[in-house]
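Open the model in your viewer and show side chains as sticks. The stops below are given in the order in which to select them.

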Amino acid sequence: MGDVASVVVRVLGDEHSDDEERAELAQALRAELLQLEVESVDPLRAADGPAGAKGLGAVAGSLLVRLGVTTGLRALVAAVRRWAARDAARSVEIQFGDDVLKVTGISEERQEELIEVWLERHRSRG
């Protein structure tokens with residue numbers, strides 16, 4: 001698979017979503033991401049989370065995805081986008097290094113522009 005990268009995918013839900021709902025949504029998204037050519041998709045543990053993260057709430061709804069950088073990142077973004085588009089209330093963040101892409105209910109054209117800019121920043125890493 002070449003170089004393997006770790007990407008954090010966070011299901012944000014809506015303003016009424018609690019940790020349990022985000023965790024359930026993340027499990028549904030995980031099932032879809034496992035259909036991609038990825039090394040692994042696992043719930044993010046507190047030990048894997050960002051510095052200063054506290055308790056389950058900091059990582060509820062978060063997944064740690066390990067994939068090939070060159071081909072996997074685009075496929076991951078496309079899968080998350082398709083999943084989020086099924087429900088306008090779904091909102092997902094994809095974090096690669098310090099860079100975060102938010103996939104949400106904006107217009108398809110605008111979302112595509114933002115995704116292309118974000119992916120372009122990471123082409124040199126592959």
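Start with strand β4, in what is a predicted model. Select V92, I94 and F96: these side chains point to one face of β4 and are buried. Now add E93 and Q95, which point to the other face and are not buried.

Keep β4 on screen and bring in its partners. Strand β1, residues 4-11, pairs with β4 in the antiparallel sense, over four bridges. To find one position in this pairing, select V9, whose bridge partner in β4 is I94. That same I94 is among the buried side chains of β4.

Next, select β5. It runs antiparallel to β4, and five bridges join the two strands. Q95 of β4 stands opposite V100 in β5. Follow the chain from β4 into β5 and you pass through a hairpin with two residues between the strands. Stop at G97 in the turn, where phi is positive, about 65°.

Move to helix α1. The helix has 15 residues, and from its first C-alpha to its last it reaches 20 Å, close to the 21 Å expected at 1.5 Å a residue. Which residues of α1 are buried? Select R22, L25, A26, L29 and L33. Viewed around the axis, they cover an arc of only 105°, so they lie on the same side of α1. Turn to the other side of the helix and select E20 and E24, which are exposed.

Go back to the loop between β1 and α1 and select S17. Is S17 buried or exposed? At a relative accessible area of 11%, S17 is buried, because the cut-off for buried is under 20%. Leaving aside neighbours within four places in sequence, S17 is in contact with L12 and R22. R22 is one of the buried residues of α1.

The last stops are salt bridges. The count for the model comes to eight; three of them are worth selecting in turn.

For one of these, select R86 and E32, whose closest N and O atoms are 2.4 Å apart. R86 lies in the loop between α2 (69-85) and β4 (92-96), and E32 in helix α1 (residues 19-33), so the pair ties together parts that are 54 residues apart in sequence. R86 counts as exposed, at 53% relative accessibility, whereas E32 counts as partly exposed, at 25%.

Then select R74 and E116. Their salt bridge has its closest N and O atoms 2.9 Å apart. It links distant parts of the chain, with R74 in helix α2 and E116 in helix α3 (residues 108-123), 42 residues apart. Both ends are partly exposed: R74 at 35% relative accessibility, and E116 with a relative accessible area of 28%.

Finish with R121 and D99, whose side chains meet in a salt bridge at 2.7 Å, N to O. This pair also links distant parts of the chain: R121 is in helix α3 and D99 in strand β5 (residues 99-103), 22 residues apart. Where do the two ends stand in accessibility? R121 is partly exposed, with a relative accessible area of 46%, while D99 counts as buried at 16% relative accessibility. D99 brings the tour back to β5, the strand joined to β4 by five bridges.

How values were computed. Residues are numbered from 1 along each chain as its sequence is written. This is a predicted model: local features need pLDDT of at least 70, side-chain atom pairs count only at pLDDT 80 or more; totals for chains, interfaces and linings use all residues. Side-chain values use heavy atoms; hydrogens and water are left out. A salt bridge is a side-chain nitrogen of Lys or Arg within 4 Å of a carboxyl oxygen of Asp or Glu. Buried means under 20% relative accessible area, exposed over 50%, partly exposed in between (1.4 Å probe, protein chains only). Two strands pair if DSSP finds at least two bridges between them. The expected span of a helix is 1.5 Å times one less than its number of residues. The arc is that of the directions from the helix axis to the C-beta atoms. Contact means heavy atoms within 4.5 Å.
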